[in-house]
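User: I should like to go through the classifications made for this model and have each one justified by its value and cut-off. Please begin once the structure is shown.

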Amino acid sequence: MERRNGDIMIIHSNAKDYQVTLYEDFSFLEKLLDTPNSFLVLDETVYTIYKDKLFSKVRDGLEDRFCLIKAEESNKTIETALAVCEKISDLRAKRNSTLISIGGGIVQDITGFAANVLYRGIHWQFVPTTLLAACDSCIGGKTSLNYKTYKNILGTFFAPDQIHICPEFFQTLSQKDFDSGLGEVIKFNVMAGEEGISLLENRMDKLQKRDKDLLGQVVLRSLEFKKRFIEEDEFDRGVRIQLNFAHTFGHAFETMSRYEIPHGTAVAMGAIAANHVSLLRGWMGKDLADRIEALLLDIIHVDLGCLNTDTEALIGAMRKDKKQTGNSLTTVLMKEDNMELCIVHDTSEEEINEAIRYLLTLLRERNEL
């Protein structure tokens, strides 16, 4: 699937249609930053890296129209979102203001929430600067904020009007953040079936070298796969739940590592565990499980010392996941036939114990090599 500068994908939602555009370089930013009545929210790290190359105009002439956010879980709160609202409310423009946010998923959550609640909704454009946000969270309209000790308990559905993706930003990601993004890329391509798995097997080396053309291709492949689910089930009540493949395990790994393991890496670990449950049930053959496992192990680099590996504690974290709706454990598992995704409400603790033990043994053996 060859892609060119300016390729556009349209996402249909109940509230509005919005578009995703892919760019080869940063030239699109000049026009974007000149948007009338705009207010810019920037990830502090992105600003530090690119302040002279991309943001000198903002720094030197538009100090009242931008703010910086330190992209940390501790800042993903309603207080931060309301602070953004307050700064935008100081502008002369009101409902015709445009919020432009540039950063990763944390910046997206904060600014999406602010854009939704201020004046009952203002214009919003988003530039995802992490591979994780670009290949996954930028579409679908979800915003999530933490409250006190509760993660992602506050939120809305409010999509940007436009999403601008430039793989050039991924060149300056830390290896940890880049690998986290690859975790979601692999997940989506695996879910898409044999074509996606084969693409990754044949081009993983090039992808890990951050080839910009290939990154653009796999990002759009990921979004095109997700698009089918979010357009059918925008508010996450039916088939969209299938996109949580690997996430029940993954969220537990995130939580029990105190978020030292980033989201995409935790999902990659969760995919290995979920596939092992499918293997135990006879839903997936060992050959396919091994192929997917090899792709995922390539990008999982974690110090298990940061993770509470007690299986009872991990299962307890899984039970607290907001996707659980009852006393039984719900997971999304894959069947090899047509790569069918199944929402399974009767996953046993024995299956989960065995899958977690398998994953941890695998990672310990790999770390010892």
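**Classifications and their grounds**

User: Why is Glu 232 called exposed?

Analyst: Glu 232 has a relative accessible area of 60%. Exposed requires over 50%, buried under 20%, and partly exposed covers the range in between (1.4 Å probe, protein chains only); Glu 232 is therefore exposed. The model is predicted, so local features need pLDDT of at least 70 and side-chain atom pairs pLDDT 80 or more, whereas totals for chains, interfaces and linings use all residues. Residues are numbered from 1 along each chain as its sequence is written, and side-chain values use heavy atoms, without hydrogens and water.

User: Where is Glu 232 found, and which residue 220 places away along the chain has its C-alpha at 9.4 Å?

Analyst: Glu 232 belongs to helix H9, helices being DSSP runs (H or I, at least four residues) numbered from the N terminus. The residue in question is His 12: its C-alpha and that of Glu 232 are separated by 9.4 Å.

User: What makes H7 and H9 oblique to each other?

Analyst: The axes of H7 (residues 175-191) and H9 (residues 212-232) come within 9 Å and cross at roughly 55°. Axes are lines fitted to C-alpha atoms, for helices over the stretch in contact, with angles from 0 to 180 degrees between N-to-C directions. Angles under 35 degrees count as roughly parallel, over 145 as roughly antiparallel, 65 to 115 as roughly perpendicular and the rest as oblique. The pair H7 and H9 is therefore oblique.

User: How is the crossing of H7 and H9 handed, and which residues meet there?

Analyst: H7 passes H9 in a left-handed crossing; that term applies if the near helix is turned anticlockwise from the far one by less than a right angle, and right-handed if clockwise. Phe 178, Val 185, Phe 188, Asn 189 and Met 191 of H7 meet Leu 215, Val 218, Arg 221, Ser 222, Phe 225 and Lys 226 of H9, where contact means heavy atoms within 4.5 Å. By class, these residues are seven nonpolar, two polar and two charged. Ala, Val, Leu, Ile, Met, Phe, Trp, Tyr, Cys and Pro count as nonpolar, Asp, Glu, Lys and Arg as charged, and the others, Gly among them, as polar.

User: Why are H7 and H11 called oblique?

Analyst: H7 packs against H11 (residues 263-281) at about 45°, with axes 6 Å apart. That angle falls in none of the other three ranges, so the two helices are oblique to each other. H7 passes H11 in a left-handed crossing. Asp 179, Ser 180, Gly 183, Glu 184 and Lys 187 of H7 and His 263, Gly 264, Thr 265, Val 267 and Ala 268 of H11 make the contact. Its residues divide into two nonpolar, five polar and three charged.

User: How do you know that His 247 is buried, and which residues does His 247 touch?

Analyst: The relative accessibility of His 247 is 7%, so His 247 counts as buried. His 247 is in helix H10 (residues 247-256). Leaving aside residues up to four places away in sequence, His 247 touches Glu 184, Lys 187, His 263 and Val 267.

User: What is notable about phi at Ala 246 and Tyr 259?

Analyst: Most residues other than glycine have a negative phi. Ala 246, however, has phi near 80°, and Tyr 259 has a positive phi of about 65°. Ala 246 lies in the loop between H9 and H10, and at 2% relative accessibility it counts as buried. Tyr 259 is placed in the loop between H10 and H11; with a relative accessible area of 34%, Tyr 259 is partly exposed.

User: What makes H13 and H14 oblique to each other?

Analyst: H13 (residues 311-319) and H14 (residues 349-368) pack at about 120°, with axes 10 Å apart. This angle, too, lies outside the other ranges, and the pair is therefore oblique. The crossing of H13 past H14 is right-handed. Thr 311, Leu 314, Ile 315, Met 318 and Arg 319 in H13 meet Glu 349, Ile 352, Asn 353 and Ile 356 in H14. The contact holds five nonpolar, two polar and two charged residues.

User: Why is Ala 317 called buried, and what does Ala 317 touch?

Analyst: Ala 317, in helix H13, has a relative accessible area of 13% and is therefore buried. Ala 317 touches Ala 252 and Met 256, not counting residues up to four places away in sequence. Ala 317 and Ala 252 are 65 residues apart in sequence and 5.1 Å apart in space, C-alpha to C-alpha.
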